[in-house]
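Trainee: Could you take me through a single part of this model, the largest pocket, and what it is built on?

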Amino acid sequence: MTVTFAAVVLGTPDPPALADFYRALLGWTEVDREPHWVRLRAPEAERPGLSFQYEPDHVPPVWPQKAGTQQMQAHLDLLVDDLDAETARAVALGATAEEEQPQEDVRVLRDPHGHLFCLFLPGA
C-alpha cells in the first residue's frame with residue numbers, strides 16, 4: 001500500500017470566502033465549490049490541495065500560545081521570494097500580520113478567519 005499526502009483541510013464558518021482569500025494569495029485553481037466545501041489545487045498538480053470545510057463553531061487559535069486558550073493545531077508555511085512585498089499583498093487581500101514575530105526571515109499572519117500561516121524566505 002502507498003500513502004500519499006493529498007491535502008490540508010481548514011475549518012471555517014464560510015468556506016467559499018476563505019477559499020477566495022487563499023486562491024488569490026496562492027494563485028491556485030478552484031476544483032470544487034459548494035456552500036460547505038471548497039477545494040483548491042496548484043495549477044500544475046492535482047495534489048496536494050487545500051480544502052475548506054464548514055465549521056460553524058470555529059475558534060481561531062491564540063498566538064503566541066497561552067495555557068488555557070485555543071491552541072494552534074497546525075499552520076501553513078508558504079515560501080516567498082520577497083517577504084515584505086508578499087506580506088503587504090497578503091494584508092491587502094485580508095490577512096493580518098501578528099505583533100509577535102519569531103524570526104527575521106519569517107512573518108506570522110492570520111487569514112481572514114483567524115487561521116495562522118507563515119510566509120518565509122528560502123533557507124528559513
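**The largest pocket and its sheet**

Mentor: S1 gives the largest share of the lining of the largest pocket, 4 residues. This is a predicted model, where local features need pLDDT of at least 70, side-chain atom pairs count only at pLDDT 80 or more, and totals for chains, interfaces and linings use all residues. Residues are numbered from 1 along each chain as its sequence is written, and side-chain values use heavy atoms, leaving out hydrogens and water.

In all, 18 residues line the largest pocket (an open set of points on a 1 Å grid over the protein atoms alone, with protein on both sides within 12 Å along at least five of seven lines; lining residues have an atom within 4 Å of a point). Nearest its centre lie Leu10, His58, Gln73, Ala74 and His115. The lining holds 10 nonpolar residues, 7 polar and 1 charged (Asp, Glu, Lys or Arg). The pocket's volume, the space filled by probe spheres set on the points, is about 320 Å³.

Now turn to S1 itself. This strand (a DSSP run of E, at least two residues) covers 7-12. S1 belongs to an open sheet of 4 strands, in the order S1-S4-S3-S2. The pairing (at least two DSSP bridges between two strands) is mixed. S1 is an edge strand, and so is S2 (29-34): each pairs on one side only.

Further in, S4 (residues 49-54) pairs with S3 (residues 37-41). The sense is antiparallel, over 5 bridges. Across this pair, Leu40 stands opposite Leu50 in S4.

Technical notes. 1 Å grid on protein atoms, 1.4 Å probe; cavity = no way out; pocket = protein on both sides within 12 Å on 5 of 7 lines; lining within 4 Å.
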